[in-house]
Amino acid sequence: MAVVPYDEQAVRVWLVEQGFGDLRGEIIQSDMERCPMAWACQKGELHVCKWLYDHGVATDIAKADRGGRTPMWVACCEGHLRVCKWLHQAGAAADITKATSDGCTPMHIACWSGHLKVCNWLHQAGAAADITKADNYGYTP
C-alpha cells in the first residue's frame, strides 16, 4: 500500500466512522495532548495504528508527549504486546529503552502495571539492562 499525505481531518472522520469517537476529545489528557498514534496504541487498536502509519503518520510512531511518553511507552503501560511488537518493527525499536522525563522506561511501566508478557518481550528485545535501572525517584522495575 502506498503512503499518502497525512490529512488530519480525514483521520478524524475515519476514526469516528469506525466507532472510535471524536479524536480531539479522546487524545486530550490533562495538560498534554497525545498524538493519534499514541491514542491508538493506548487503546490497543493495532489496525488503527497500521492505518495511521499507512496514511502518513509514520513519524508519530516515536513522537513523545510533553512528559516524554512515546507510543511504545503507552502500549507497554497498557499491556498491548501486539502493538509493542508492531511499533518495534515499524521503526520505534529505540523506544523500548527511552525514559520519560521522570526516568520511567517502558520496562518500569510494564512491570508496575503487571504486564509480564510485555516485560518478557522487552527483556528479549533489548531492554534487559532496564531491569535494574532506577527512575528519578530511585525506583526500579
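In what order do the elements of the protein chain run from the N terminus on? The order is α-α-β-β-α-α-α-α-α-α, and what you're looking at is a predicted model.

**View 1. The whole chain, before we zoom in.** The protein chain has eight helices and two strands. Going from the N terminus, two helices come first, then the two strands, and then the remaining helices follow one after another. The chain is 141 residues long, and 43% of them count as buried. If you take the contacts with a separation of 6 or more, 62% of them link residues 24 or more positions apart.

**View 2. Inside the largest nonpolar core.** This core has 35 residues. Met 37, Cys 76, Trp 86, Leu 87 and Leu 122 are the ones with the most contacts inside it. Several elements chip in with two or more residues each: helix H3 (36–43), helix H4 (46–54), helix H5 (71–78), H6, helix H7 (106–112) and H8.

**View 3. Trp 86 and its company.** Here's one of those core residues up close. Which residues does Trp 86 contact, once neighbours within four places in sequence are left aside? They are Met 37, Leu 46, Cys 49, Lys 50, Tyr 53 and Ile 61. Met 37 shares with Trp 86 a spot among the core residues with the most contacts.

**View 4. Helix H5, wrapped up by its surroundings.** Why is H5 described as largely enclosed by the rest of the structure? Because seven of its eight residues are buried. Those buried residues are Pro 71, Met 72, Trp 73, Val 74, Ala 75, Cys 76 and Cys 77. They pack against H3, H6, H7 and H8. Just past the helix, H5 is followed by Gly 79, which has a positive phi near 80°.

**View 5. H3 alongside H5.** The axes of H3 and H5 sit 8 Å apart, and the two helices pack at an angle of about 15°. That angle is under 35 degrees, so H3 counts as roughly parallel to H5. The crossing is a right-handed one. On the H3 side, look for Met 37, Ala 38, Cys 41 and Gln 42; they meet Pro 71, Val 74, Ala 75 and Glu 78 of H5. Sorted by class, this contact has six nonpolar residues, one polar and one charged.

**View 6. H6 alongside H8.** Now for another helix pair. Helix H6 covers residues 81–92 and helix H8 covers residues 116–127; their axes come within 10 Å and cross at roughly 20°. That makes this pair roughly parallel too, and the crossing of H6 and H8 is right-handed. From H6, Leu 81, Cys 84, Lys 85 and His 88 meet Lys 117, Val 118, Trp 121 and Ala 125 in H8. By class, the contact breaks down into five nonpolar, one polar and two charged residues.

**View 7. Trp 112 and the end of the chain.** Trp 112 belongs to helix H7. Is Trp 112 buried, partly exposed or exposed? With 42% relative accessibility, Trp 112 counts as partly exposed. Leaving out residues up to four places away in sequence, Trp 112 touches Cys 104, Asp 135, Tyr 139, Thr 140 and Pro 141. One of these partners, Thr 140, is 28 residues away from Trp 112 in sequence, yet their C-alpha atoms are 9.4 Å apart in space.

Note on methods
Residues are numbered from 1 along each chain as its sequence is written. This is a predicted model: local features need pLDDT of at least 70, side-chain atom pairs count only at pLDDT 80 or more; totals for chains, interfaces and linings use all residues. Side-chain values use heavy atoms; hydrogens and water are left out. Axes are lines fitted to C-alpha atoms, for helices over the stretch in contact, and angles run from 0 to 180 degrees between N-to-C directions. Helices (H or I, at least four residues) and strands (E, at least two) are DSSP runs, numbered from the N terminus. Angles under 35 degrees count as roughly parallel, over 145 as roughly antiparallel, 65 to 115 as roughly perpendicular and the rest as oblique. A crossing is left-handed if the near helix is turned anticlockwise from the far one by less than a right angle, and right-handed if clockwise. Contact means heavy atoms within 4.5 Å. Ala, Val, Leu, Ile, Met, Phe, Trp, Tyr, Cys and Pro count as nonpolar, Asp, Glu, Lys and Arg as charged, and the others, Gly among them, as polar. A nonpolar core is a set of buried Ala, Val, Leu, Ile, Met, Phe, Trp, Tyr and Cys residues joined through side-chain atoms within 4.5 Å. Buried means under 20% relative accessible area, exposed over 50%, partly exposed in between (1.4 Å probe, protein chains only).
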